[in-house]
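User: I am new to this structure and would like a close look at a single part of it. Could you pick out one strand, tell me how well covered it is, and then walk me outward to what surrounds it?

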Amino acid sequence: MRAARERASMALVAFDFDGTLTQSDLTVLLGREYDAASEIRGLTEQGLRGEVDFATTLRQRVSLLEEMPEARVDAAFERCKLRGGAADLISALRRSGVRVAIVTGTFERGVEAALDRAGVAADHVVANRLVFENGAVTGAVEGPLVDDEKDRALQELALGEGVDLDRTIAVGNGSTDLPMLRIAGTAIGLNPEPVVEEYCDVVVTSIQKLRLHFEQHAVIRTGDSEGR
């Protein structure tokens, strides 16, 4: 009974995507496909370290992709894969009655493509979108997280699910994840940047160790071996 009560106490897990569920960065993959990888990588790293605000770096990165053909965008996203064990972890959480959200400033199209290839789905994907016109990227970006409001996204998800914030878990790695890590019931860093680690209740170094943590704390059922 105690394990069941503990398991029920955590009802929503919100994951970052780039650097958390995948080792890739979708904007860097796009840059590689469009010969702008080094510039985009530099801007991305500045944002992760908190040296430049996320909205500025995101708009700068996407502007470098102006006129990129839609087919090349999809080719770049095809190279994005979930970390080993991530799909099984998402499935195990959902089978255990835990709602799973992906809250990311990267692109919904790439996230959904990676999930589809892994044969897994999240309950919610909150992400931004590239803007296309005449079959090519315009250099603009739109969506709910352009201005890095992951805390508001988590609050809205919890409200929609009827879950108190203290029954949520946020998993991330970079400074852009700090808003949701700060308000979640439990903040977990997966190989977090130094500026992020001090705000984490738990730090893990792999998806496997994250799953072990969830099993030890009865967030997922240890007897559920399906999908391993």
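Analyst: Let's start with strand β5, which is mostly covered: five of its five residues are buried. Please keep in mind that this is a predicted model. In a regular strand, side chains alternate between the two faces of the sheet. In β5, both faces are covered. On one side sit T168, A170 and G172, on the other I169 and V171, and all are buried.

Now look at the strands beside it. β5 spans residues 168–172 and runs parallel to β6, residues 186–190, with four bridges joining the two. You can find this pairing by eye if you look for I169, which stands opposite T186 in β6. A little further along, V171 of β5 has I188 of β6 as its bridge partner. β1 is also joined to β5 by four bridges, and these two strands run parallel as well. Here A14 is the residue to look for, since its bridge partner in β5 is A170.

Stepping back, these strands belong to an open sheet of seven, in the order β4-β3-β2-β1-β5-β6-β7, with mixed pairing. Its edge strands are β4 (136–142) and β7 (202–204), each of which pairs on one side only. On average, neighbouring strands of this sheet are turned by 25° against each other, direction ignored.

The mixed pairing shows up when you follow the sheet out to β4. Whereas β1 and β5 run parallel, β3 and β4 run antiparallel, joined by four bridges. One bridge pair to look for there is R129 with its partner E142 in β4. β3 and β4 make a hairpin with two residues between them, and N134 in the turn has a positive phi of about 55°.

Next come the helices that lie across the strands. Helix α8 (residues 150–161) lies across β5 as well as β1 (12–15), β2 and β3. The direction of α8 is at about 150° to that of β2. Helix α4 (residues 54–63) lies across β2 (99–107), β3 (124–133) and β4, and runs at about 175° to β4.

Another helix in contact with our strand is α11. The buried residues of α11 pack against β5, and also against β1, β6, β7 and helix α6 (86–95). Which residues of α11 are buried? In this helix of residues 207–216, they are I207, L210, R211, H213, F214 and E215. An α-helix has 3.6 residues a turn, so residues three or four places apart point the same way. With that in mind, you can trace I207, L210 and F214 along the helix as buried positions. Just after α11 ends, A218 takes a positive phi of about 60°.

The pairing of α6 with α11 deserves its own look. Their axes are 9 Å apart and the helices pack at an angle of about 20°. The two helices are therefore roughly parallel to each other. Their crossing is left-handed. On the α6 side, the residues in the contact are A86, D88, L89, A92 and L93, and on the α11 side they meet I207, L210, R211 and F214. By class, this contact has seven nonpolar, no polar and two charged residues.

For a second helix pair, turn to α5 (residues 70–77) and α7 (residues 108–118), whose axes come within 9 Å and cross at roughly 50°. That angle makes α5 oblique to α7. The crossing of α5 and α7 is right-handed. In this contact, E70, D74 and F77 of α5 meet R109, G110 and R117 of α7. The residues here divide into one nonpolar, one polar and four charged.

As a last stop, try R41, which lies in helix α3 (residues 37–48). Is R41 buried or partly exposed? R41 counts as partly exposed because its relative accessibility is 31%. Leaving aside neighbours within four places in sequence, R41 is in contact with V28 and R32. By contrast with that partly exposed arginine, the strand where we began has five of its five residues buried.

Conventions:
Residues are numbered from 1 along each chain as its sequence is written. This is a predicted model: local features need pLDDT of at least 70, side-chain atom pairs count only at pLDDT 80 or more; totals for chains, interfaces and linings use all residues. Side-chain values use heavy atoms; hydrogens and water are left out. Axes are lines fitted to C-alpha atoms, for helices over the stretch in contact, and angles run from 0 to 180 degrees between N-to-C directions. Angles under 35 degrees count as roughly parallel, over 145 as roughly antiparallel, 65 to 115 as roughly perpendicular and the rest as oblique. A crossing is left-handed if the near helix is turned anticlockwise from the far one by less than a right angle, and right-handed if clockwise. Contact means heavy atoms within 4.5 Å. Ala, Val, Leu, Ile, Met, Phe, Trp, Tyr, Cys and Pro count as nonpolar, Asp, Glu, Lys and Arg as charged, and the others, Gly among them, as polar. Two strands pair if DSSP finds at least two bridges between them. Buried means under 20% relative accessible area, exposed over 50%, partly exposed in between (1.4 Å probe, protein chains only).
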